[in-house]
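This report goes through one protein chain, residue by residue and element by element. Please keep the sequence and the 3D view open while reading.

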Amino acid sequence: FQLWEENAGTLGNNHAGAAAEANSAGDEFYNPAGIVRAKHVEFSAGGSLIMANVQFNKGGNITLFTYEPLPTLVDNEQGGTTNVVPNLHLIVPINRQWFASLGLTTPFGLATDFTGTHTTKYAATKTQILSFNINPSVAYALNQRWSFGAGFDAMYGSAEYDNWIPDGTTDNWDFQNSLNGWGYGYNLGVLYQLSAVTRIGLSYRSQVTIAAKGPSTLTDVPTQTPEGSSMQATAQLPLPATTMLSVYHTVNPHWALM
């Protein structure tokens, strides 16, 4: 569920050199120290289209549940989804040494959706994680070689975990869990200009744990159970820390090594 599709340039390079390239506003996501290379106000916005192909194959003769009757397990059941991952970045030079930036990104997300009529739905129907991160940062250029950056992350996250529950008869319960909440973290970076054509970048984004809560609801339940029985669900969603070390070397105006 981790998404690094936050800038078209680094995505095209498969994120090689991302923490050291620092050639566009979108690179502030990968290393806040790199914003000191901006000569003027820079702005970028974009999005990535992700079409996930997720198939379930039953493999051998397996049984998910003992309840009967149940639909038959089938091969090649499709649970993929189509998603758009947006991003927005802004860099503002304050003076020759201080710089500020703002990033609006979706660092975690995507979904699977097995809503067919087969047995897979008793394990999961829709499973979805969405996030929206607000990341202001500042950077300081110590001299022509060293720069340092730090930022604050306020991340909103939502999660949906749904499935069907067989009750041992011909009835089934639609089990829906929808949770959301906020989590907070930070990011740090350093950029070292080794020479006029070579620079090294190191960055760190901390773990963010989202304390999520929301309704857990049963619908389409048997008549002896109150229709739409609902409870409160809670979950801790720990989104992992990341570290990136990059080198960017300009060979000539047309070529670079990352």
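Is Thr242 buried or exposed? At 14% relative accessibility, Thr242 counts as buried, where buried means under 20% relative accessible area, exposed over 50%, and partly exposed in between (1.4 Å probe, protein chains only).

The model is predicted, so local features need pLDDT of at least 70 and side-chain atom pairs count only at pLDDT 80 or more, while totals for chains, interfaces and linings use all residues. Residues are numbered from 1 along each chain as its sequence is written, and side-chain values use heavy atoms, with hydrogens and water left out.

**Thr242 and the cavities**

Thr242 belongs to strand β13 (residues 242–252). Helices (H or I, at least four residues) and strands (E, at least two) are DSSP runs, numbered from the N terminus. Not counting residues up to four places away in sequence, Thr242 touches Gln2, Trp4, Ser203, Tyr204 and Arg205; contact means heavy atoms within 4.5 Å.

Thr242 also appears in the lining of the largest cavity and of the second largest cavity. On a 1 Å grid over the protein atoms alone, a cavity is a set of points where a 1.4 Å probe fits but cannot get out, and a pocket is an open set with protein on both sides within 12 Å along at least five of seven lines; lining residues have an atom within 4 Å of a point. Grid points are joined across faces, edges and corners, and a volume is the space filled by probe spheres set on the points.

There are two cavities of 30 Å³ or more. Of the 15 residues lining the largest cavity, Pro107, Phe108, Arg205, Pro240 and Thr242 lie nearest its centre. The lining of the second largest cavity includes Trp4, Phe29, Tyr30 and Thr242, and β10 (198–205) and β13 each supply at least two of its residues.

**The largest pocket**

Which residues are the closest to the centre of the largest pocket? They are Val36, Arg37, Lys39, Ala141 and Asn143, out of 16 lining residues. Two elements, β8 (146–166) and β9 (172–193), give two or more residues to this lining. The largest share, three residues, comes from β9.

The table sets the three spaces side by side. Ala, Val, Leu, Ile, Met, Phe, Trp, Tyr, Cys and Pro count as nonpolar, Asp, Glu, Lys and Arg as charged, and the others, Gly among them, as polar.

| Space | Volume | Lining residues by class |
|---|---|---|
| Largest pocket | about 370 Å³ | eight nonpolar, four polar, four charged |
| Largest cavity | about 130 Å³ | nine nonpolar, four polar, two charged |
| Second largest cavity | about 30 Å³ | five nonpolar, three polar, one charged |

**Nonpolar cores**

In soluble globular proteins, nonpolar side chains tend to be buried together. A nonpolar core is a set of buried Ala, Val, Leu, Ile, Met, Phe, Trp, Tyr and Cys residues joined through side-chain atoms within 4.5 Å. The largest one here has eleven residues, among them Phe108, Ile129, Leu179, Ala212 and Ala233. β8, β11 (208–219) and β12 (230–239) each give two or more residues to this core. A second, separate core of eight residues includes Val36, Ile91, Ala139 and Ala141.

Leaving aside neighbours within four places in sequence, Ala233 is in contact with Leu179, Ala212, Lys213, Gly214 and Ser216.

**Strands around β7**

Two strands pair if DSSP finds at least two bridges between them. Strand β7 (residues 126–141) pairs in the antiparallel sense with β5 (residues 98–105) over eight bridges, and Ser101 stands opposite Ser137 in β7. With β6 (residues 111–113), β7 forms three antiparallel bridges; there, Thr112 has Thr127 as its bridge partner.

How many bridges join β7 and β8? The two strands pair in the antiparallel sense over 13 bridges, one of which puts Ala139 with Gly149 in β8. β7 and β8 form a hairpin with four residues between them.

**Three loop residues**

Ser206 sits in the loop between β10 and β11. Ser206 counts as buried because its relative accessibility is 9%. Its C-alpha atom is separated by 8.5 Å from that of Leu188, 18 residues apart along the chain.

His15, in the loop between α1 (8–12) and α2 (18–21), has a positive phi of about 70 degrees although it is not a glycine. Ala22, in the loop between α2 and β1 (42–51), is not a glycine either, and its positive phi is about 50 degrees. His15 is buried at 17% relative accessible area, and Ala22 is buried at 13%.
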